[in-house]
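This report examines selected local features of one protein chain. Please consult the sequence and the coordinates shown here alongside the text.

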Amino acid sequence: PVEIISARLNPSAMAPPMTPERWEATSAYLRTTFGKQDEHLCGLMAEAAAAGFPEHAVTSDVGRLLQLLVSMTRGQCAIEVGTLAGYSAIWLARGLSPGGKLYTIECDESRVAFAQRQFERAGEAHRIEAVHGDALTELRRLRDQLPPHSVDVIFFDAYKPDYPKYFEVVRDMLCPGGLLLADNILGSIKWWIDHQDNIHRQGAHALSTAVAADPTFEAVAVPIREGVLIARKNNDGIREQPHEHAKAKSKTTPRVSVV
């Protein structure tokens, strides 16, 4: 393209280099523009910090992304791994369809109790079930309890070294068209994706490579905040050929003109 050739010939035509200051300004812009939240959500994590919990929740723009993604599915059943204070669970629940349900798993009992109060204050307690227990144990229990291929959205935001193990358990729980989401796929407070010896980086990277190589998923990582993995399960476990699909559709679907 002409624009690329021009940029190569004239470096000043390229976008300014990304710096820590520019990244922070960009993130702040995204939060301000796309992360509008109600008064309760705005103060939830400050309240959690005052109660002695870490402020490790997603940001409001990521919360909005989660709600939007859930709303683009059937929205009947979702699972979150890592409740903490309940902030992201509220965003997820608000994307559900009427009658939909979110299971959110947390290993710390005090966090479960705190989050449950937040769900009630947010008016979402009727569709969120807070599950106290080990993530892998509770995921396996839900796998046995729920109908096969019945989960619309699964969101990981917990212990990164176990991300690949979570994926092994939930892979066949997702329905066709269901979404697998994971936070911190590029980094967190104490590590980034280029810190190859960090066990949290290794877990996040192992999940990304496993999902990207799995033919039953189409996956991408969005570099918002600390990176969000978005993977959609294919309808039949085989990648469709779009042009063939389009040909078949054109043969069977009549054109309709509206005057």
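## The start and end of helix H3

In this predicted model, a side-chain oxygen of Asp38 lies within 3.2 Å of the backbone nitrogen of His40, at the start of helix H3. Just after H3, Gly52 adopts a positive phi of about 95 degrees.

Helix H3 comprises twelve residues, 39–50. At 1.5 Å a residue, H3 should span 16 Å, and the 17 Å between its end C-alpha atoms therefore agrees with the expected value.

## The two sides of helix H3

Which residues of H3 are buried? They are His40, Leu41, Leu44, Met45 and Ala48. These residues cover an arc of only 130 degrees around the axis, so they are placed on the same side of H3. As a general matter, an α-helix has 3.6 residues a turn, so residues three or four places apart point the same way.

The buried residues of H3 pack against two helices, H5 (87–93) and H6 (109–122). On the other side of H3, the exposed residues are Glu39, Cys42, Ala46 and Ala50.

## The pairing of helices H7 and H8

The axes of H7 (135–145) and H8 (residues 163–170) come within 9 Å and cross at roughly 10 degrees. Because angles under 35 degrees count as roughly parallel, H7 is roughly parallel to H8. On the H7 side, the contact is made by Ala135, Leu136, Leu139, Arg140 and Arg143. Helix H8 contributes Lys165, Tyr166, Val169 and Val170 to the contact.

## Positive phi outside glycine

Most residues other than glycine have a negative phi. Two residues are described here with a positive value: His149, which is not a glycine, has a phi of about 55 degrees, and Asn184, likewise a residue other than glycine, has a phi near 60 degrees.

Where are His149 and Asn184 located? His149 is in the loop between helix H7 and strand E4 (151–156), whereas Asn184 is in the loop between strand E5 (174–183) and helix H9 (199–213).

Are these residues buried or exposed, given the relative accessibility of His149 and of Asn184? His149 has 42% relative accessibility and therefore counts as partly exposed, since that class lies between the cut-offs of 20% and 50%. Asn184, at 4% relative accessibility, counts as buried, because buried means under 20%.

Note on methods: Residues numbered from 1 in each chain as written. Predicted model: local features only at pLDDT ≥ 70, side-chain atom pairs only at ≥ 80, totals over all residues. Heavy atoms only, no water. Helix = DSSP H or I, 4+ residues; strand = E, 2+ residues; numbered from the N terminus. Expected span 1.5 Å × (residues − 1). Buried < 20%, exposed > 50% of the residue type's maximum accessible area, 1.4 Å probe, protein only. Arc of directions from axis to C-beta. Contact = heavy atoms within 4.5 Å. Polar contact = N/O pair within 3.5 Å; in protein donor to acceptor, adjacent residues only side chain to side chain. Axes fitted to C-alpha atoms, helices over the stretch in contact; angles between N-to-C directions. Parallel < 35°, antiparallel > 145°, perpendicular 65-115°, else oblique.
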